[in-house]
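The following exercises are meant for a reader new to this structure. Each task is followed by a solution that proceeds step by step.

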Amino acid sequence: MIPYIPHTEEERRIMLDTLGLQSMEELFLEIPEKYRKPELKLHSPLSEADVLRELRELSARNAVPDTMVSFLGAGAYRHFIPSAVDAIAARGEFLTSYTPYQPEASQGTLQAIFEYQSLIADLLRMDAVNASHYDGAAALAEGILLAYRVSGEKRKGVVISAGVHPEYRETAETYCRAYGLSFRGPEEGFWKPKELASLLDETVCCVVGSFPTFFGDILNYRPLCEETHRKGALFLVSIDPISLALFEPPGAYGVDIVTGEGQCLGNPLSFGGPGLGIFAVRTELLRKMPGRLAGLTCDRTGKRGFVLTLNTREQHIRREKATSNICTNQGHVALRAAVYLSLMGKNGLRQVADLTYRKACYTAERLRSLPAYRVMNEGPFFREFVLQCPHEAEEIAERLGSEGIIPGLPLSRYFPDRKNDLLVCVTEMHSKEEIDRLIDSLAGI
Amino acid sequence: MEDTKKENGAEPFIWELSSPGRIGVSLPLPDVPEYPLPDSVPLRADLPLPEVSELDVVRHFTRLSRLNFCIDTHFYPLGSCTMKYNPKMNEVAASLSGFSDVHPLQPESLCQGSLELLYRLQEALEELSGFKAVSLQPAAGAQGELSGVLMIRAYHADRQDTKRTRMLIPDSAHGTNPASVAMAGFTAEQIPSDSRGNVDLSVLKARCNETVAGLMITNPNTLGLFEENILEITEIVHRAGGLVYGDGANFNALMGYLKPAQVGIDVMHFNLHKTFATPHGGGGPGAGPVGAGELLSDYLPGYRAELAGGERYILVRPSRSIGPLKAFYGNFAVLVRAFAYIRQMGGEGLRAVAEHAVLNANYLKHRIEKRYRIPYHRSCMHEFVASGDLVPGIHTLDIAKRLIDYGFHPPTVYFPLIVKEALMIEPTETESRQTLDAFAEALLNIAEEAVLAPDLLREAPHNTPVGRLDEVQAARDPRLNRRSDKDRTDTKN
């Protein structure tokens with residue numbers, strides 16, 4: 001018997017008889033005979049125990065925090081996940097339902113989305129948040145396309161900071177290529193308002209920043225945002241949600257579009273996916289934004305309820321004129337984020353951000369005392385910073401690997417010239433002892 | 001929000017449970033000194049998040065969960081979504097620490113297990129579909145579609161064949177098809193279906209010329225019918241110099257019975273959350289890997305896992321890749337579940353999946369076709385479309401809502417667009433004959449009720465937490481979060 005197929009031999013026969021058929025193959029006679037039922041070179045079915053044994057063995061070939069201390073970040077972060085997040089997320093009612101097309105049978109999912117939209121809107125101080133996008137990179141790409149549509153598809157220039165995650169920039173280029181958009185921006189460093197003025201002209205639809213930057217820098221975007229608006233373009237910032245427990249939210253300084261990666265809100269690393277694409281806009285852009293939206297309304301008796309709304313933006317109604325092709329999103333990841341933000345609350349999220357901030361500061365301060373190393377960030381940073389090493393960072397990472405430490409990301413992965421630079425990430429999950437071990441190991445090189 | 005607060009026993013919002021100073025989590029005490037926050041960047045004054053206990057949160061979300069229909073509690077025959085049972089084993093597999101706690105940028109030597117899983121999943125999908133290569137990166141079906149169309153675009157561009165800007169799409173297609181085409185800078189052009197529900201060959205022939213970039217085809221199509229002329233279709237498009245995109249949304253019907261690459265499909269996406277039993281999660285995450293044949297495999301997005309020197313798994317960007325569609329390598333946790341499923345089913349099991357999915361759909365169609373009009377008189381594949389035009393004044397929506405009273409999640413409604421009052425029903429292979437019989441009985445009863453007591457349908461559902469909701473009001477005056485509602489209260493005051 002094949003698992004998950006409940007038919008008994010007798011039931012199968014009765015059902016085939018009902019249809020006047022002799023065999024299962026007869027159900028497929030419309031498939032051209034020459035290609036019907038090809039040979040399949042796949043393994044034989046395995047028992048549940050065998051599959052789990054095999055997967056445990058495979059997973060044991062990966063290094064995990066139990067076996068190694070890792071200071072990797074660069075877009076995927078290990079923060080504490082309260083047990084209640086997993087417990088709620090495991091409920092079949094959330095896990096095995098689908099997009100709430102039938103609201104009367106999906107009020108749980110719909111209210112949870114509404115609460116997610118609310119918690120994120122409060123965190124960003126933005127008017128409207130959608131029900132999620134694939135990840136921070138795809139959300140950024142679609143944010144740029146939104147700005148392009150807002151310009152009446154006239155402005156094809158995009159000014160993008162060198163502080164945007166390199167994979168996000170590449171993703172945005174994939175999405176925007178067919179529209180003929182062109183990206184400009186300094187290769188290194190960050191623009192000051194004056195430099196920006198020289199890049200901005202009437203062909204630019206948006207300016208894209210990152211908070212913090214890929215290198216961890218915390219920048220004040222208010223002047224850039226104002227300058228961008230003076231030139232008639234939109235300002236888009238890709239944010240890290242945890243940092244916003246400490247720093248001014250983007251809505252406070254007039255950002256038009258906010259995107260970001262929400263994996264850090266109660267979701268495991270899972271080798272980089274699923275992530276959570278955060279997508280938020282000012283009210284004026286609402287009807288042009290991509291993605292699903294849950295909205296509050298009432299039934300015939302006036303009872304409060306929720307529906308998916310503003311569907312005429314979407315592909316299933318508007319087809320080629322839709323604001324995006326997105327259909328399935330990251331609903332379950334957004335649910336986890338809503339549960340996480342509820343559990344953390346006002347005090348907890350600030351504590352996580354504060355612990356993360358001070359531990360990264362402590363790590364950098366200790367490294368500054370090592371003469372062979374240099375912390376490259378000139379101003380304040382959050383969670384991550386760039387460490388210039390005396391040798392190639394790859395080589396150092398390899399040597400520390402044998403001591404059970406992954407010291408960070410050699411930046412040569414994305415910037416071939418930056419051979420000696422290491423991007424070091426520290427969160428509340430790192431103990432002082434682990435940080436001190438990292439410092440001692442680096443000092444010993 | 002006073003007007004709607006807590007009335008009629010509605011579940012309150014999480015922030016309505018808030019009590020200043022209450023905490024829901026215990027975090028470690030600082031073990032490093034305090035560092036002053038910078039003065040060069042404005043700080044946050046107020047963080048308006050709820051202050052609730054862990055029990056508040058658990059009760060709130062548990063109560064919310066109970067307002068949902070789901071596969072674990074109800075038959076959920078949502079056409080084209082393949083709501084089959086999601087095995088619990090796959091959840092255990094995805095949450096193994098050795099998968100869930102792995103960072104995507106770990107040195108390759110420290111994540112060989114994840115890379116091997118990617119490699120073997122690619123291999124399995126390649127074998128099932130006949131494609132030369134698969135990229136696992138796309139996060140969902142629509143992103144897979146966009147990848148495929150961008151690949152076709154890049155292929156023509158590389159040959160300086162830039163006149164090709166028209167993409168042909170049958171009128172039965174999912175809305176994501178034309179939307180993806182628009183995002184790839186092409187024009188979407190609709191091809192009608194013929195009287196048997198197939199692509200109209202004469203129209204297709206007439207529309208194919210040197211400006212055609214390609215055709216997007218879903219097979220079986222959204223009517224649940226196999227495109228009988230698939231060989232002619234792909235040949236016509238290829239002869240005109242176009243390429244054929246296969247929408248793999250309905251691949252559940254074909255596993256072990258047809259390899260799409262063998263009938264002229266050049267590139268196709270898989271929906272792992274449909275065909276390979278990964279949970280839909282109330283709207284995602286899914287996974288939409290893309291497979292491609294000889295002409296297009298070098299254009300695949302993102303990275304592919306490869307085996308170097310027969311002993312070490314590495315990640316490689318295909319030589320002419322269209323680039324990444326997201327960060328990193330795809331929705332890995334979803335990929336783990338699909339891989340676990342494939343390992344358990346084996347080739348024989350996956351073929352049985354297709355057989356029983358098709359058997360169940362035909363059986364259910366047979367059980368209801370005396371009362372519900374079936375627009376195409378053919379054997380169906382894994383799903384079928386019926387029409388809800390039972391009696392004047394009763395609509396498909398009424399039937400759908402009445403099904404909720406009977407304890408069934410409704411089918412997909414009003415899609416595909418080419419069938420009036422469409423009810424698109426996909427039972428999947430994991431449902432027993434008893435469940436199908438009960439569902440058929442419910443539909444037949446409802447057909448009786450439509451005649452004898454039509455208000456039962458018009459006013460349905462009757463036993464749900466809320467009745468039919470005012471969607472017009474929701475769209476006219478969008479209330480999308482707590483902030484937009486606060487603004488409303490502010491202006492009122």
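**Exercise 1.** Is the crossing of α2(A) and α10(B) left-handed or right-handed? Determine also how the two helices are oriented and which residues meet.

*Solution.* The model is a predicted one.

Step 1. Identify the elements: helix α2 of chain A covers residues 48–59, and helix α10 of chain B covers residues 332–368.

Step 2. Consider the geometry. The two helix axes lie 9 Å apart and form an angle of about 135°. Angles over 145 degrees would count as roughly antiparallel, and 65 to 115 as roughly perpendicular; α2(A) and α10(B) are therefore oblique to each other.

Step 3. State the handedness: the crossing of α2(A) and α10(B) is right-handed.

Step 4. List the residues. From α2(A) come E48(A), V51(A), E54(A) and L55(A), and they meet A340(B), R343(B) and Q344(B) of α10(B). By class, this contact comprises three nonpolar residues, one polar residue and three charged residues.

**Exercise 2.** Describe the contact between the two chains as a whole.

*Solution.* Step 1. Count the participants: chain A gives 173 residues to the contact and chain B gives 174 residues.

Step 2. Find the largest contributor on the side of chain A. Helix α11 of chain A (residues 331–368) supplies the largest share, 23 residues.

Step 3. Classify the residues on that side of chain A: 88 are nonpolar, 51 are polar and 34 are charged.

**Exercise 3.** What is the strand order of the open sheet of seven strands in chain B, and which strands form its edges?

*Solution.* Step 1. Read the order, which is β1-β7-β6-β5-β4-β2-β3 of chain B, with mixed pairing.

Step 2. Locate the edges. Strands β1 (133–135) and β3 (187–191) of chain B each pair on one side only. From one strand to the next, the twist averages 25°.

Step 3. Examine one pair. Strands β2 (residues 166–170) and β4 (residues 212–218) of chain B are paired in the parallel sense over three bridges. Within this pair, R166(B) is opposite V212(B) of β4(B).

Step 4. Add the helices. Helix α6 (residues 176–183) of chain B lies across β2, β3, β4 and β5 (243–248) of chain B, and its direction is at about 175° to β2(B).

**Exercise 4.** Summarise the fold of chain A.

*Solution.* Step 1. Chain A holds 13 helices and 15 strands.

Step 2. Its C-alpha atoms fill a box of roughly 85 × 55 × 50 Å along the principal axes.

Step 3. Of the 445 residues of chain A, 62% count as buried.

Conventions
Residues numbered from 1 in each chain as written. Chains lettered and ligands numbered in written order. Predicted model: local features only at pLDDT ≥ 70, side-chain atom pairs only at ≥ 80, totals over all residues. Helix = DSSP H or I, 4+ residues; strand = E, 2+ residues; numbered from the N terminus. Nonpolar A, V, L, I, M, F, W, Y, C, P; charged D, E, K, R; others polar. Axes fitted to C-alpha atoms, helices over the stretch in contact; angles between N-to-C directions. Parallel < 35°, antiparallel > 145°, perpendicular 65-115°, else oblique. Left-handed = near helix turned anticlockwise from the far one by under 90°. Contact = placed C-beta atoms within 7 Å. Buried ≥ 20, exposed ≤ 12 C-beta atoms within 10 Å, placed from the backbone. Pairing = 2+ DSSP bridges.
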